[in-house]
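Here is a short briefing to read with the structure open. Take the topics one at a time and find each residue as it comes up.

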Amino acid sequence: MKHYSFEEMTIGMEASFDVIITEHEMEAFRVLSGDENPMHMDENYAKDRGFDGRVVYGMLAAAYYSRLVGMELPGEKCLINEVKLTFANPIYAGERLKVRGEVTDLREGTRRMKVKANMTDEAGNIRNEAVITVSFTEDVSS
Amino acid sequence: MSRQEILDSVNSVFREVFDRDEITVNEETTAADVEGWDSLRHITLIEAIEDEFDMRFKMNEVTGMKNVGEMLDIIAERI
């Protein structure tokens, strides 16, 4: 985990990591969220609607944006204020995806920053995108 | 830009941030006068105003401004 303060952040700072969303995670998310929509559960149902198979939950994929800012940009001091998500193309279980984020905006007055992020497949196609607004926590115990 | 023109633009930003077309603020308006003007909305509002006028507030200004009039003073000084 990174431990960046607001003052240490600069425009253009980047972080990335690879993920593969597994059937196990799909099942865990079904239990966690209670979302049993057949698009995510039923292979034939999804194929009948023009998809290659069961579609990964968009909000499950978006969970990796939590990891991006909570672990990397800025890491420990992160507090997510806002997330704007766009689900451009479906993700299927077992695909290798790259999660990338870049600091695109820093506001001294409000001590917040924006991280522009996306998830791409191995061919570089964007599957989803996010703009994440993050503030920084401070230790107020002393 | 006249003070009235700044106020008009600030009102447009308020309406967009609060997603309420009926909001009209004036120099004396404070956070207590606008439903939903909490600390997080204040920060969103500040950043939207920064974008609108292509200027930046200082941290002590963000927490220190008492009413819309003080906000206008800072904007007028920077643009």
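Does A:Thr133 count as buried or exposed? A:Thr133 counts as buried, because its relative accessibility is 2% and the cut-off for buried is under 20%. Keep in mind that this is a predicted model. The points below start with that residue, then move to two helices and two pockets.

**A:Thr133 and its surroundings**
- A:Thr133 sits in strand S5 of chain A, which covers residues 126-136.
- Leaving out residues up to four places away in sequence, A:Thr133 touches A:Leu79, A:Ile80, A:Asn81 and A:Glu82, along with A:Arg112, A:Met113 and A:Lys114.

**Helix H1 of chain A**
- This helix runs over residues 23-33, and its buried residues are A:Met26, A:Phe29 and A:Arg30.
- Those three lie on the same side of H1(A), because they cover an arc of only 105° around the axis.
- In general, an α-helix has 3.6 residues a turn, so residues three or four places apart point the same way.
- The face turned away from the buried side carries the exposed residues A:His24, A:Val31 and A:Leu32.
- Helix H2 (38-41) and helix H4 (58-72) of chain A are among the elements that cover the buried residues of H1(A).
- Just after H1(A), A:Gly34 takes a positive phi of about 75°.

**A:His40, a residue of helix H2 of chain A**
- A:His40 is found in helix H2 of chain A.
- A:His40 counts as buried because its relative accessibility is 11%.
- Apart from residues up to four places away in sequence, A:His40 touches A:Met26, A:Asp35, A:Arg54, A:Val55, A:Val56 and A:Tyr57.
- One of these contacts, A:Met26, is also one of the buried residues of H1(A).

**Helix H2 of chain B**
- How far apart are the end C-alpha atoms of this helix? They are 21 Å apart, which agrees with the span expected for its 15 residues (39-53) at 1.5 Å a residue.
- The buried residues in H2(B) are B:His42, B:Leu45, B:Ile46, B:Glu47, B:Ile49, B:Glu50 and B:Phe53.
- Their cover includes strands S3 (96-107) and S4 (112-120) of chain A.
- From chain B, the cover includes helices H1 (3-18), H3 (59-64) and H4 (68-78).
- B:Asp54, just after H2(B), takes a positive phi of about 50°.

**The largest pocket**
- Its volume is about 350 Å³.
- The lining has 15 residues, and A:Lys84, B:Val17, B:Thr44, B:Ala48 and B:Asp51 lie nearest the centre.
- Two or more lining residues come from each of S2 (78-87) and S4 of chain A, and H1 and H2 of chain B.
- Which element gives the most to this lining? H2(B) does, with five residues.
- By class, the lining has nine charged, three polar and three nonpolar residues.

**The second largest pocket**
- About 230 Å³ of space lies in this pocket.
- Its lining from chain A is A:Gly109, A:Thr110, A:Arg111, A:Ser135, A:Phe136 and A:Glu138.
- From chain B come B:Ser39, B:His42, B:Ile43, B:Met59, B:Val62 and B:Thr63.
- S5 of chain A and H2 and H3 of chain B each supply at least two lining residues.
- B:His42 belongs to this lining and is also buried in H2(B).
- By class, the lining has six polar, four nonpolar and two charged residues.

Technical notes: Residues numbered from 1 in each chain as written. Chains lettered and ligands numbered in written order. Predicted model: local features only at pLDDT ≥ 70, side-chain atom pairs only at ≥ 80, totals over all residues. Heavy atoms only, no water. Helix = DSSP H or I, 4+ residues; strand = E, 2+ residues; numbered from the N terminus. Buried < 20%, exposed > 50% of the residue type's maximum accessible area, 1.4 Å probe, protein only. Contact = heavy atoms within 4.5 Å. Expected span 1.5 Å × (residues − 1). Arc of directions from axis to C-beta. 1 Å grid on protein atoms, 1.4 Å probe; cavity = no way out; pocket = protein on both sides within 12 Å on 5 of 7 lines; lining within 4 Å. Points joined across faces, edges and corners; volume = space filled by probe spheres on them. Nonpolar A, V, L, I, M, F, W, Y, C, P; charged D, E, K, R; others polar.
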